[in-house]
Amino acid sequence: MVRMLIGGKMTESARAMDVIDPCTGAVIAHVPDACPSDVEAAIACAKAAFPAWRDLATAERSAVLQAMATRIAENADELCELLVLETGRPMGLAQFEILHLAQGYLRYYATLEVKPELIVEDETRRVELHRKPLGVVGAIVPWNAPVFIACNKIAPALAAGNTIVVKTAPSTPLTTLRIGELWADIVPDGVVNILSGGNEAGSLLVEHHDVAKISFTGSTATGRKIMAAVAPTLKRLTLELGGNDAAIVLPDADVATIAPAIFAFAFFNSGQVCAVIKRLYVHDSLYDAMCEAMADLAKSAKLSGGGDPAAEFGPVQNLAQYQKVLHYLAEARRSGKIIAGGDPLEGPGYFIPLTVVRDVNDGMAIVDEEPFGPILPIIRYSHIDTAIALANASPFALGGSVWGSDVAAASKVAARMESGSVWVNQHCALDPQVPFPANKQSGFGVEGGVEGLYPYLALQTINIAKSALTT
Ligand code: NAD
């Protein structure tokens, strides 16, 4: 059985759970299902490892992070194959996640150094601002980008001097567990602990009094539960939650030029990304042309399992999500006109063709909610103020984009959007040095960039009177 990394040792559990191949529905592996004693042991190891890790020089911690990144790069072929197996996605996507995102974010955070800042200095006093690690961080990860999201928590947590316990998603634990095994001899024992398990293991991390902070990525519904559950221990909290990103196509856009890019950013990873285009607002004058272009691209896409070298798009990753997407397909059929896709593929696996639906409006579930699958609703607008108001009306505010030929004009529209990230003539352009903020009910406590380090640090001022008091 694949094992968990706890206190530097590869560890089994008293319980096990199945991992399913989304291309076939068959069981492909058994992994430990962390029971309370495993979670307890991982937290105890992380707590014991904290003082020594905190007290290392930044350069020494950076060297460990660089070694972790190098170990991933050296084993990229095996890791990508494992990620393709458990997610069903095409190989190119797995390589992007492992080599570009996971490795890239580890290396970026290895370069950052936290230094005290001088706030005031005069004849009488010197005031310094320090940032100090918190202790044990609990990281809870979703299934859609399991390795990247784990590394985007491990990297800043460790760079800041914390230790960490990672709880992988129930349906995609394999690659992250294997990475744990690859790291076992280069990371000091207990600094990184990796658990596989269900929601119960996540809850135990959230409630534990020895965990100082929870960094959670997942659905808004679970985020709410976690926010309530941390109240008794008043833990620090980062929530990266759901999104319903709007893209606005301005009247001066060139449909032929932008359609392939919009298509790619709407259906990336078959729509199973927090910040892909999930609502496309198109000006009246371009609406029919854009609908036609999206439908043509969707119809010609090659949907297949990641083992097929010709695959461009893979299945929905797990059965629960597949059933959710089927529900939204039914909604799409009821609400608008499906012009590509619409019916799940026959045969084994969770394959749903790329689906484009037109003649839909805000107020319909297919527009207002997050299907988190390969469905793109296209909404018509006549006035830019309406499009912006609708884009901003959502309780989600993760990403958004504006598309047009006049880049300066498009940028002005971008500035009126309320999402944490706004892109112009692109979407979901991730970069380790650029913060990825979430606004409204998409979460809080930013990841990415230098700003992504700060939520893993506690502020402290040291205020020094220069002359000693005399009696
Ligand atoms: P989910 O909320 O169902 O589960 C996420 C993780 O939380 C899993 O590891 C799960 O076991 C754990 N969990 C569930 N209940 C818990 C509880 N009560 N206490 C502690 N842990 C618990 O989400 P999912 O279906 O895995 O992921 C899809 C969602 O994630 C989508 O809404 C997507 O938009 C969002 N997401 C957001 C971002 C972002 O950066 N904002 C990135 C990726 C995914």
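In this predicted model, K213 lies over the face of Y456, at 5.0 Å from the ring centre. A second placement of this kind involves R131, whose charged end sits over the ring of Y454, 4.1 Å from the centre of that ring. The points below take up the ligand surroundings, the aromatic pairs, the cysteines, and several individual residues with their contacts and backbone angles.

**Ligand surroundings**

- The ligand is surrounded by 30 residues, and the closest of these are K167, S219, T222, L241 and E370.
- Two side chains have a polar atom placed by an oxygen atom of the ligand: that of W143 lies 3.0 Å from such an oxygen, and that of E240 lies 3.2 Å from one.
- For S203, the ligand partner is a nitrogen atom, which lies 3.4 Å from a polar atom of the S203 side chain.

**Aromatic pairs**

- The model contains 8 aromatic pairs, and one of them joins W143 and F372, whose ring centres are 5.4 Å apart with the planes at 75°, so this pair is edge-to-face.
- W143 belongs to the loop between strand 7 (136-140) and helix 5 (146-159), while F372 belongs to the loop between helix 12 (365-368) and strand 16 (375-381), so their pairing ties together parts that are 229 residues apart in sequence.
- Both partners count as buried, W143 with a relative accessible area of 15% and F372 at 12% relative accessibility.
- The rings of F263 and F313 also form an edge-to-face pair, because their planes stand at 75° with the centres 5.9 Å apart.
- Since F263 lies in helix 9 (residues 255-267) and F313 in the loop between helix 10 (287-299) and helix 11 (319-335), this pair ties together parts that are 50 residues apart in sequence.
- F263 is buried at 8% relative accessibility, F313 is likewise buried at 12%, and these two residues form one aromatic cluster with F267.

**Cysteines**

- The count of disulfides is 0, and C80 illustrates this outcome, because its sulfur is 12 Å from the closest cysteine sulfur, that of C151, which is too far for a bond.
- C80 is buried, with a relative accessible area of 3%, and C291 is buried as well, with a relative accessible area of 1%.
- C428, in the loop between strand 19 (421-424) and strand 20 (439-440), counts as buried at 16% relative accessibility.

**S171 and its contacts**

- S171 is placed in the loop between strand 8 (163-167) and helix 6 (174-183), and at 19% relative accessibility this serine counts as buried, because the limit for that class is under 20%.
- The side chains of S171 and Q317 are joined by a polar contact of 2.7 Å.
- Leaving aside residues up to four places away in sequence, S171 touches V19, E86, W143, Q317 and N318.

**Buried strand residues**

- G138 sits in strand 7 and is buried, with a relative accessible area of 0%.
- Although G138 and K213 are 75 residues apart along the chain, their C-alpha atoms are separated by 6.1 Å.
- Apart from residues up to four places away in sequence, G138 touches V165, L205, V211, K213, I214 and S215.
- H283 is found in strand 13 (residues 277-283) and counts as buried at 15% relative accessibility.
- The contacts of H283, again not counting residues up to four places away in sequence, are with V249, L250, P251, Y381 and S382.

**Positive phi angles**

- Most residues other than glycine have a negative phi.
- C428 has a positive phi near 55°, and K440 has a positive phi near 50°.
- K440 is found in strand 20 and is partly exposed, with a relative accessible area of 39%, whereas C428 is buried at 16%.

Key
Residues are numbered from 1 along each chain as its sequence is written. This is a predicted model: local features need pLDDT of at least 70, side-chain atom pairs count only at pLDDT 80 or more; totals for chains, interfaces and linings use all residues. Side-chain values use heavy atoms; hydrogens and water are left out. A disulfide is a pair of cysteine sulfur atoms within 2.5 Å. Buried means under 20% relative accessible area, exposed over 50%, partly exposed in between (1.4 Å probe, protein chains only). Helices (H or I, at least four residues) and strands (E, at least two) are DSSP runs, numbered from the N terminus. A polar contact is a pair of N or O atoms within 3.5 Å; within protein, one must be able to donate a hydrogen and the other to accept it, and residues adjacent in sequence count only if both atoms are side-chain atoms. Contact means heavy atoms within 4.5 Å. Rings of Phe, Tyr and Trp (its six-membered ring) pair if their centres lie within 6.5 Å; planes under 30 degrees apart count as stacked, over 60 as edge-to-face and the rest as tilted. A charge sits over a ring if NZ of Lys or CZ of Arg is within 6 Å of the ring centre and within 35 degrees of the ring normal. A residue is near a molecule or strand if one of its heavy atoms lies within 4 Å of it.
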